[in-house]
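Here's a quick tour of a predicted model. Have a look at the structure first, and then we'll go through a pocket and a helix pair.

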Amino acid sequence: MSTRPDRPKQDRFAEFVKRLAAAPAAGSSEEAYDQLCAVLNEVEDEMTSIPCKPELWQTDGRMYPPQADSVREVEGHPRVKRFRSRAHSTFLGENGSIEIQAVPGAEVVFTKPGADGKGVWDQ
Amino acid sequence: MNAIQSLEERVRKRFPAAKTALDPAGKAGGPWFLDIDLGGHPVTVEWRPGKGFGVSSKRPGGYGEGPDEVLPDLDAASRRVIGLLLARARTRPPEAVRLRELRSARGLSQVELAKRLRVNQAAVSKLEKRSDLRLRTLREVVAAMGGELVIRARFPDGEKDLCFDDPSTAAETQGGG
């Protein structure tokens, strides 16, 4: 039972990017993916009463990490993977870098270098 | 041609001016996306083979949410998408989601709202999971949040707001149009 108000989605997203930025830089795309999933799930568990049920597919108001089956190659960038969700593309570099862009429009809403200090497009 | 490619073809045939971008799945069985924009009105369709079509309007904020509406087949999805583009309308997430988001936007917990409604927290939780609500219930919930329920009827030639102050009457007021 949640006795705290559910925080609005905008607040939860802001907290997610804040914690993801503060986390240690990842050293691989797998580590970056795991880190992104862990941080988002942690924020949602703390800030909303909506249980985690990604299998539902239709929105339940909760934010979910990119699903593994949504991965795509990125033409011209063999060291980058892209995960597509409803309104974002999430790019993960082999060096652990992360970039989230809005779709459509490609506005960058989050970017973080990998453990080598390089961004997704600098590898 | 698969189902989402067929959907794109139907949209482009109906709306030659629409911009469409198909984002194919990277893995067999993975989701395809179709991004549509007609004169600045965007609609996104996610197709999961075997699961159907998820249709969504653009909404601010958030990340990684599922689609607002799920349609079972190509014909249903086509009708819905074409209808949304024609009316420049937005998709509707499940009522439970909208009610919960409304409560959280007002800074209320389920316990607090329950107190205002003079019910227990479990009743509020159950309410927020329902797919259909009586108008009287929705009016009471919105009032408990400090608001007033207004229902807007939209017609091709204008709109009218229907304001519910009293559960026994519906006062009709002019609005917009």
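Let's start with helix 3 of chain B, which gives the largest pocket the largest share of its lining, 7 residues. Helix 3 covers 95-105, and it isn't working alone: helix 2 (74-87), helix 6 (135-144) and strand 6 (150-155) of chain B, plus helix 1 of chain A, each bring at least two residues to that lining.

How much space lies in the largest pocket? About 1,100 Å³. The lining adds up to 33 residues, and those closest to the pocket's centre are Thr91(B), Arg92(B), Pro93(B), Arg98(B) and Val150(B).

Now for helix 1 of chain A, residues 9-22, and its partner, helix 2 of chain A, residues 29-47. The two pack with their axes 9 Å apart, at an angle of about 140 degrees, which means helix 1 of chain A counts as oblique to helix 2 of chain A. The crossing between helix 1 and helix 2 of chain A is right-handed.

On the helix 1 side, the contact uses Asp11(A), Arg12(A), Glu15(A), Phe16(A), Arg19(A) and Leu20(A). Helix 2 of chain A answers with residues including Leu36(A), Val39(A), Leu40(A), Val43(A) and Met47(A), along with Glu42(A), Glu44(A) and Glu46(A).

Here is how the residues split by class:

| Site | Nonpolar | Polar | Charged |
|---|---|---|---|
| Lining of the largest pocket | 15 residues | 4 residues | 14 residues |
| Contact of helix 1 with helix 2, chain A | 7 residues | 1 residue | 7 residues |

Note on methods: Residues are numbered from 1 along each chain as its sequence is written. Chains are lettered from A and ligands numbered from 1 in the order in which they are written. This is a predicted model: local features need pLDDT of at least 70, side-chain atom pairs count only at pLDDT 80 or more; totals for chains, interfaces and linings use all residues. Side-chain values use heavy atoms; hydrogens and water are left out. Axes are lines fitted to C-alpha atoms, for helices over the stretch in contact, and angles run from 0 to 180 degrees between N-to-C directions. Helices (H or I, at least four residues) and strands (E, at least two) are DSSP runs, numbered from the N terminus. Angles under 35 degrees count as roughly parallel, over 145 as roughly antiparallel, 65 to 115 as roughly perpendicular and the rest as oblique. A crossing is left-handed if the near helix is turned anticlockwise from the far one by less than a right angle, and right-handed if clockwise. Contact means heavy atoms within 4.5 Å. Ala, Val, Leu, Ile, Met, Phe, Trp, Tyr, Cys and Pro count as nonpolar, Asp, Glu, Lys and Arg as charged, and the others, Gly among them, as polar. On a 1 Å grid over the protein atoms alone, a cavity is a set of points where a 1.4 Å probe fits but cannot get out, and a pocket is an open set with protein on both sides within 12 Å along at least five of seven lines; lining residues have an atom within 4 Å of a point. Grid points are joined across faces, edges and corners, and a volume is the space filled by probe spheres set on the points.
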